[in-house]
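Let's take a walk through a protein together, starting at one side chain and working outwards. Have the sequence and the 3D view ready, and look up each residue as we reach it.

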Amino acid sequence: MNTPATHFLELLAREASAVEFEGPIIQARAEGADAATIEELERAKIEALRVRALLRRRARREAELSALYDTAGDLAALRDLDAVLEAIVHRARQLLGTDTAYMTLHDPERGDTYMRVTDGSISAKFRALRLDMGAGLGGLVAQSATPYATADYFADARFRHKDDIDEAVKEEGLVAILGVPLRLGQRVIGVLMAADRSARPFHQEEVSLLASLAAHAAVAIDNARLLQETRNALEELSSAHRTARAHAEAVERAALAHDRMTSLVLRGGGIEDVAAVVTDVLGGSLAVLDDLGMPIAGPLDGAVGELDAGVFEAAQASRALGRTVRRGDLRIASVDVGGEPLCTLVLRSDDADERILERAALVCALLLLFRRSVAEAEGRVRGELLDDLISRPGTPGLTDRARRLGVDLGAPHVVVAARHDGQRERAAFWASSHAAVRHGLAAGRAGEVVLLLPGDDAGALAQRVAAELSASLGTPATAGASRVGDRAGDVAGDRAGDRAGDRAGDRAGDVAGAYREARRCAEALIALSRAGDGASAAELGFVGLLIGEGRDVHGFVRSALGPVVDYDTRRGTALTGTLAAYFGTGCSPSRTAEVMHIHVNTVTQRLDRIGKLLGDGWSEPERALEIQLALRLHRLGHTSAP
């Protein structure tokens with residue numbers, strides 16, 4: 001049998017609406033139930049509605065707890081902060097049943113709050129909104145750290161309205177708004193808000209629910225911050241570890257390279273060997289330059305010619321800083337001693353380990369210092385011997401001293417006197433090194449270096465010394481040369497078949513004469529505006545005849561006129577006489593014909609023959625002067641012959 005309560009239990013079971021609970025009462029009245037029955041049904045309805053409200057509150061609470069549990073789960077598996085915050089805002093909108101929900105966060109640099117996450121928003125202006133502290137409902141919540149709710153935003157005077165905020169709220173169409181603070185301890189980091197587009201009150205349960213979600217959001221933000229700080233710290237530690245490991249590897253690599261270079265030096269290796277180690281370890285190509293920027297080892301795959309002023313400025317900077325300096329794709333390490341540059345290493349390589357290059361520069365500098373010390377010591381000994389050969393040729397034991405230095409004075413030698421602009425130390429070092437390589441002697445003097453070199457081509461040696469010394473100094477150096485013993489008396493002695501020891505003694509004694517002639521040749525070149533050139537007396541023509549120590553008249557005549565004289569001797573012609581008459585008549589073929597009583601065509605034919613014998617340019621003023629002088633000397637020699 002159905003009782004009044006049975007009807008209401010059925011309604012509760014199927015979660016009927018509140019209006020349906022009036023049905024049993026209406027039906028009883030229609031059936032004519034008495035007043036007691038109607039009153040009993042009223043009491044049962046009231047109790048059923050209370051039970052219904054309780055069940056709905058518990059269901060809502062269960063949903064809220066489920067949402068909070070899901071949020072806590074999201075925080076426990078935090079991977080993406082944006083996704084967690086979006087989930088919180090979305091759940092707030094669903095649980096409170098509002099049209100929209102959003103979250104603002106505090107900007108410590110600007111001192112305001114900005115929109116971080118929105119759900120259900122339709123206005124771009126609203127999503128880009130920023131709220132000053134105390135401005136708008138959100139700014140008031142952030143400033144006071146207290147929840148606020150308004151059923152009608154535009155009619156509420158509890159907070160400060162601003163035009164830009166009100167315009168954005170109006171564009172979004174919001175009316176009722178609830179906001180709760182996001183707290184981290186005593187600090188407010190933002191505001192979580194829910195809003196409707198129609199007027200409505202917000203109950204305390206809704207405020208509490210939103211506050212719970214805000215607490216979870218604050219934890220999520222703080223966890224994300226701590227996680228990011230942890231990641232940053234780990235990355236810094238990892239980076240520091242990688243840096244330390246790379247540094248240790250670089251130091252070990254540099255130490256191994258240094259050991260290789262040191263071992264090379266101890267085994268007698270040179271700068272070229274050190275450069276080979278550098279390119280083997282670092283790759284690329286390397287040039288080693290001396291104090292004037294001239295290559296000692298290399299070249300840098302053709303890049304030596306590209307070393308402009310910028311590289312030398314970089315070398316100066318490297319010496320000042322004591323480390324490698326970069327210029328484009330080149331790395332430059334330079335070393336000095338007492339403020340004076342000693343050597344510079346220029347590397348082109350993709351390997352950035354500059355320690356190895358700097359250590360190689362130090363090793364090369366030590367090698368150069370050692371080489372310079374040895375060269376200076378040997379240079380002093382060789383220089384003293386050459387000074388004695390020039391200044392004290394009769395000193396006993398000169399030949400033996402030369403032999404101990406590897407110089408055989410019995411062999412043909414040439415004395416070269418090179419004049420320069422005063423770079424005495426640089427010139428003396430170059431001359432000493434050059435003489436040591438050539439097994440000769442060298443001495444430095446004020447504005448001049450003197451070399452005694454094996455060989456018999458004085459002119460070629462003079463030109464070579466002038467060119468190489470000029471390149472080393474960077475300024476013109478002028479060299480004169482003379483063969484030792486290349487004088488009439490000595491030549492006659494050699495023809496007589498003197499013993500080898502006597503010849504060595506004769507040559508030792510004749511170094512002084514050769515030096516005087518070589519020096520006069522250098523002075524003559526300078527007077528002839530041929531600074532930077534090199535020559536012996538033979539290359540100076542009649543000037544050489546005038547300044548030559550032995551004055552080889554016969555040699556000069558042969559050099560200037562020999563082919564013509566030989567032609568006359570073989571053919572019985574009169575080319576020599578014709579040439580003399582030609583110059584004697586002022587180079588007039590017709591007057592020459594008159595003087596010689598021959599036809600002018602014959603003169604022309606003889607002059608053509610003379611031109612073929614003497615070569616082009618024989619009638620040029622300077623050459624003609626030499627030929628005329630040779631004709632006079634030849635005539636004197638012919639008339640005085642027995």
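**Starting from one lysine**

Leaving out residues up to four places away in sequence, K45 touches F8, F21, E22 and I25; a contact here means heavy atoms within 4.5 Å. You'll find K45 in helix α3, which covers residues 35-76. Helices (H or I, at least four residues) and strands (E, at least two) are DSSP runs, numbered from the N terminus. Is K45 buried or exposed? With a relative accessibility of 10%, K45 counts as buried. The cut-offs are these: buried means under 20% relative accessible area, exposed means over 50%, and partly exposed is in between, using a 1.4 Å probe and protein chains only.

Before going on, a word about what you're looking at. This is a predicted model, in which local features need pLDDT of at least 70 and side-chain atom pairs count only at pLDDT 80 or more, while totals for chains, interfaces and linings use all residues. Residues are numbered from 1 along each chain as its sequence is written, and side-chain values use heavy atoms, with hydrogens and water left out.

Now zoom out for a moment. The protein has 22 helices and 16 strands. Of its 642 residues, 41% are buried. If you take the contacts between residues at least 6 apart in sequence, 60% of them join residues at least 24 apart.

F202 gives you a nice example to look at. This phenylalanine sits in the loop between β6 (187-196) and α8 (204-266). F202 counts as buried, at 13% relative accessibility. Its C-alpha atom is 7.2 Å from that of L178, and the two residues are 24 apart along the chain. Setting aside neighbours within four places in sequence, F202 is in contact with T98, A149, T150, A176, I177, L178 and A194.

Next, the aromatic rings. How many aromatic pairs does the structure hold? There are six. Rings of Phe, Tyr and Trp (its six-membered ring) pair if their centres lie within 6.5 Å; planes under 30 degrees apart count as stacked, over 60 as edge-to-face and the rest as tilted. In Y153 and F154 the ring centres are 5.1 Å apart and the planes are at 90°, so this pair is edge-to-face. Y153 is buried, with a relative accessible area of 1%, whereas F154 is partly exposed, at 37%. Ring pairs also bring in F159, making a cluster of Y153, F154 and F159. F154 has another partner too: K170 lies over its face, at 5.7 Å from the ring centre. For a charge to sit over a ring, NZ of Lys or CZ of Arg has to be within 6 Å of the ring centre and within 35 degrees of the ring normal.

Let's move on to a sheet. Five strands form an open sheet with antiparallel pairing, in the order β8-β7-β11-β10-β9. The edges belong to β8 (295-297) and β9 (325-327), each with a single partner strand, so one side of each has no neighbour in the sheet. From one strand to the next, the twist averages 30°, an angle between axes, which are lines fitted to C-alpha atoms (for helices over the stretch in contact), with angles running from 0 to 180 degrees between N-to-C directions.

You can trace the sheet strand by strand. Two strands pair if DSSP finds at least two bridges between them. β7 and β8 are joined by two bridges, and L289 has P295 in β8 as its bridge partner. Five bridges link β7 (residues 285-289) with β11 (residues 340-348). On the other side, β10 (residues 330-337) is joined to β11 by eight bridges. Look for R348 in β11: S285 stands opposite this arginine, and so does L330. Helix α9 (residues 271-282) lies across β7, β8 and β11, running at about 150° to β7.

Finally, visit two loops. A145, between α6 (136-144) and β4 (148-150), has a positive phi of about 60° although it is not a glycine. C587, in the loop between α19 (575-584) and α20 (589-596), also isn't a glycine, yet has a positive phi of about 65°. A145 counts as buried at 15% relative accessibility, while C587 is partly exposed, with a relative accessible area of 37%.
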